[in-house]
Amino acid sequence: MKHYLVTGGAGFIGSHLIDYLSLQPNTQITCLDNFDPFYSIETKKANIKTHLNKNYFKLVEADICDYTALSELLTDRYDAIIHLAAKAGVRPSLDRPREYYATNVGGTQNLLEFAKQRHIRQFVFASSSSVYGTNPNVPWSEEDTNFAPISPYASTKVSAEMLGHVYAHLYDIRFIALRFFTVYGPRQRPDLAIHKFTRLLFDSQPIPFYGNGTTRRDYTFVADIVQGIWAAINYRKSKFELINLGNNQTIALADLVRTIERTTNRTAKLQYLPEQPGDVPQTYANINKAKNLLGYQPTTNIETGIERFVEWFEKIS
Ligand SMILES: NC(=O)c1ccc[n+]([C@@H]2O[C@H](COP(=O)([O-])OP(=O)(O)OC[C@H]3O[C@@H](n4cnc5c(N)ncnc54)[C@H](O)[C@@H]3O)[C@@H](O)[C@H]2O)c1
């Protein structure tokens, strides 16, 4: 029997991971989440509702910043921690940098300490493409240590990766940081572009269009991310790795809006706004390392992924 502790398990990516883990044989899952009010708590409850009251599943409501609560409430023996809980989002981190630091760095420190105390040997961490910041050498490779984070959120992810290095070096903990590149798909966070734009289109509201539409993003479908996380859970070859999980394809903001318009059969009204501080001009992943170490191979392109997203969105609206 394997028992996985998934922090942030009620969130967008976490709930997809739990869906996947629940299909694996001989598996127990503990979902740790504090139902942070960053977006609707009802949405997060709905994300995991199919697992509640199942014998393979336990929900622990606690804040990762509260070490005493973690030690008292997490009483099982865990084979791996998949640490996805965080204050997510670049723009709000500029307004609340201390909260982002406390949760993303302090909370990660707590979970690493918990892993040390409980002899949990495998630690998979949700890092972010934002650590590369304004590094112009795309596609970004993990070998390139020319970090240039430009938001408090990004700096918390760099810091947490370095904490992981310390624990991997000092203790018997394998730490795999997966740098996710803008993840989308059903249940996507409502603050993220594809979800936000689709909602505004359906409400006949203008879409805020930052800059001139040339900013590019490497969008990664959530099922591909889950495959990468699963491979990282089972990775045994080295003690510490930083690995990009992207799609290795980019799309400009203007083309993204056109794709959503085509898929929804609606026409967007654009509200032109200046570029946002903290936003990077482009993200673009080199995924060779993920291919080599994890056998990672994303299979969903942006058109198909947006169709899946819109199908889900229409169902819940
Ligand atoms: N979605 C993306 O595009 C993306 C890209 C790069 C990195 N990431 C990272 O992936 C992870 C998951 O992101 P997501 O998009 O699913 O976000 P999400 O907000 O949907 O999920 C995060 C979950 O963590 C929980 N949480 C927040 N603070 C907590 C705390 N103090 N204690 C316990 N639980 C807490 C929230 O309630 C939420 O359910 C995050 O670490 C995020 O930084 C996401």
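**A tour of helix H9 and the ligand shell**

Begin by selecting Leu256, Val257, Ile260 and Thr263, the buried residues of helix H9. The model on display is predicted. Viewed along the axis, these four residues lie on the same side of H9, because the arc they cover is only 125°. An α-helix has 3.6 residues a turn, so residues three or four places apart point the same way.

Next, extend the selection to the whole of H9, residues 253-264. Its 12 residues reach 17 Å from the first C-alpha to the last, close to the 16 Å expected at 1.5 Å a residue. To see what covers the buried residues of H9, display the elements that include helix H7 (193-202), strand E8 (207-210), strand E12 (251-252) and helix H11 (302-316). Then step to Asn265, which follows H9 and has a positive phi, near 60°.

Now move to the ligand. Select the 28 residues that surround it, of which Gly8, Gly11, Phe12, Ala86 and Ala126 are the closest. Helix H1 (12-21), helix H5 (97-118) and strand E5 (122-128) are the elements that give two or more residues to this shell. Colouring the shell by class gives 14 nonpolar, 8 polar and 6 charged residues.

Which helix gives the most to the shell around the ligand? That helix is H1, with 3 residues. Select H1 as the last stop: 8 of its 10 residues are buried, so H1 is largely enclosed by the rest of the structure. The buried residues are Phe12, Ile13, Gly14, Ser15, His16, Leu17, Ile18 and Leu21. Phe12 thus deserves a label, being buried in H1 and listed among the closest residues to the ligand.

How values were computed:
Residues numbered from 1 in each chain as written. Predicted model: local features only at pLDDT ≥ 70, side-chain atom pairs only at ≥ 80, totals over all residues. Expected span 1.5 Å × (residues − 1). Buried ≥ 20, exposed ≤ 12 C-beta atoms within 10 Å, placed from the backbone. Arc of directions from axis to C-beta. Contact = placed C-beta atoms within 7 Å. Near = placed C-beta within 6 Å. Nonpolar A, V, L, I, M, F, W, Y, C, P; charged D, E, K, R; others polar.
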